Amino acid sequence: MNKKLILILTMFAVLVLALPVMAADNIMLNDHSYQPAQKIINQQGTSMMPLDIVNHIIGATVAVENDTIKINKNGRILTMTLNKQDATFDAKTLKMPQAAIIINQQIYVPLRITLESFGAEVIWSSDAPLVIRYQDNRGEWTAENLMVESSRRMLEANTYRMDMDMNMDMDMLVKEDGKEVAQKMDAKYDVVAYNSNNPVQLYVIQKMKMNLPGIDTSGIPEITTESVINEQGMYMKLPEQEWIKIDIEGLDMKALMQQSSTQDPVAAMKLIKDLGMSTVFANDAERDGKKYYVIRSSAGNNIFQSEAMQKIFNMPGINQIPQLKEILDNIDLTMNYSTWINQETLYSEYMELQGTMFIDLKIPDSEEQMKMNARMAAKYKISDFGTPISVPDVSKAKEMDLSQLGNLTPSL
């Protein structure tokens, strides 16, 4: 297999799916393009949506027990029963146009009556995208404005620590010389990251345990890597090796960090909109005696076509990364976040992520074809706001070209 390409794809999957921010139906959700992971279907004239996307559209909590489905938003409850049209909303009887059903182990519910029961506006036309509008404020805060204010306060704190537990599994299929070779990989990542906004510094310690189903990996040790990003560049330290500097020709690291950051509320609001992310309040929650606003955010392939991402991809150095354009043109991405914002401090203290990514890619300069399906679940805890961070000295790091990265990995 093309070892360096697999490394690039793996790094791409980890980095893209872990950003702190779908089979395509044409939906506009609060003026953003929204692509649910499963398609909306037509059942005898009624649009039926997967139950899984209800919490992403209106931020509701969904529970299923036996044949009973309960959708709860701010204490208002819609109760349905599989294969029955009778339902209740706030204890009042409703007649559903179609009963909730199961197709391919996925529950589908009537779209319009479900969303409109909670105050959403649904507009359908045969020659235009399905339009869904839903607004659920917390006093003066919209979900977007609250995310902006939380970002501002975290920038004001300047430093913080982030702990992340992530599980990712990948199915890869490579077609070479007319033969298909399948490879599975499961990986668990434990990450501690220390962030400073001024000066720009990010120090990450990552522990990774890999499992290859069907192959005895008991002798493969847990791998610990360290990385540093600052205005001078990107640095990496592998086990029992010295620090190296990853040189991407032409890349202005300071400009990249500035482009990626949200240094003021107006810029932060613009970034959220430019990325095409839909945001909505979920039910408020309590954790360890603290009260939190919870915000759901969703994004799909449209994130790559957004103005903000295009500026990053077109930066000198970034646009020279091997196979980047081919990867972006052949990717199907789903990202769903939950962000827990402390109601007192407005710091974002917890995040949860569910993400999937599918790539179907012809390897340049070869006859190989690679398909990769990656799924990831991650939990983040953010703490130590305003506490000074300590970053290793990387001033004596040896420079290494990006093309040499493949030499640092074991054979796959």
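This is a short walk through one chain, covering confidence, one sheet and three loops.

What you have in front of you is a predicted model. I will start with how confident the predictor was. The average pLDDT for the chain is 80, and 75% of the residues reach at least 70. Two stretches need a warning. Over residues 1–24, pLDDT stays under 50. The model still gives residues 1–24 a set of 86 contacts beyond four places in sequence. The other stretch is residues 262–267, again with pLDDT under 50 throughout. For residues 262–267 the model has seven contacts beyond four places in sequence. Predicted coordinates should not be read in detail where pLDDT is low. I will leave those two stretches there.

Next, the sheet. In what order do the strands of the open sheet of four run? The order is S2-S1-S13-S12, and the pairing is mixed. Strand S2, residues 32–34, and strand S12, residues 121–125, stand at the edges. Each has a single partner strand, so one side of each has no neighbour in the sheet. On average, neighbouring strands here are turned by 25 degrees against each other, ignoring direction.

Within that sheet, look at strand S1, residues 27–29, and strand S13, residues 128–133. S1 and S13 run parallel and are joined by three bridges. If you want one pair to find on the screen, take Met-28, whose bridge partner in S13 is Val-131. As background, strands of a sheet pair through backbone hydrogen bonds, either parallel or antiparallel.

Now the loops, and some backbone geometry. Most residues other than glycine have a negative phi, and most peptide bonds are trans. Three places in this chain depart from that pattern.

The first place I will show is Asn-74. Its phi is positive, near 55 degrees, and the residue is not a glycine. Asn-74 sits in the loop between strand S6 (68–73) and strand S7 (76–81). Is Asn-74 buried, partly exposed or exposed? It counts as partly exposed, because its relative accessibility is 41%.

Then Asp-288, also not a glycine, with a positive phi of about 50 degrees. The loop that holds Asp-288 lies between strand S21 (285–287) and strand S22 (290–299). Asp-288 has 68% relative accessibility. The cut-off for exposed is over 50%, so Asp-288 counts as exposed.

Last, a peptide bond. Which residues does the cis peptide bond join? They are Asn-198 and Pro-199, and omega there is about 0 degrees. Pro-199 belongs to the loop between strand S15 (179–196) and strand S16 (201–211).

That is the end of the tour.

How values were computed: Residues are numbered from 1 along each chain as its sequence is written. This is a predicted model: local features need pLDDT of at least 70, side-chain atom pairs count only at pLDDT 80 or more; totals for chains, interfaces and linings use all residues. Side-chain values use heavy atoms; hydrogens and water are left out. Helices (H or I, at least four residues) and strands (E, at least two) are DSSP runs, numbered from the N terminus. Buried means under 20% relative accessible area, exposed over 50%, partly exposed in between (1.4 Å probe, protein chains only). pLDDT is the predictor's confidence in each residue, from 0 to 100. Contact means heavy atoms within 4.5 Å. Two strands pair if DSSP finds at least two bridges between them. Axes are lines fitted to C-alpha atoms, for helices over the stretch in contact, and angles run from 0 to 180 degrees between N-to-C directions.
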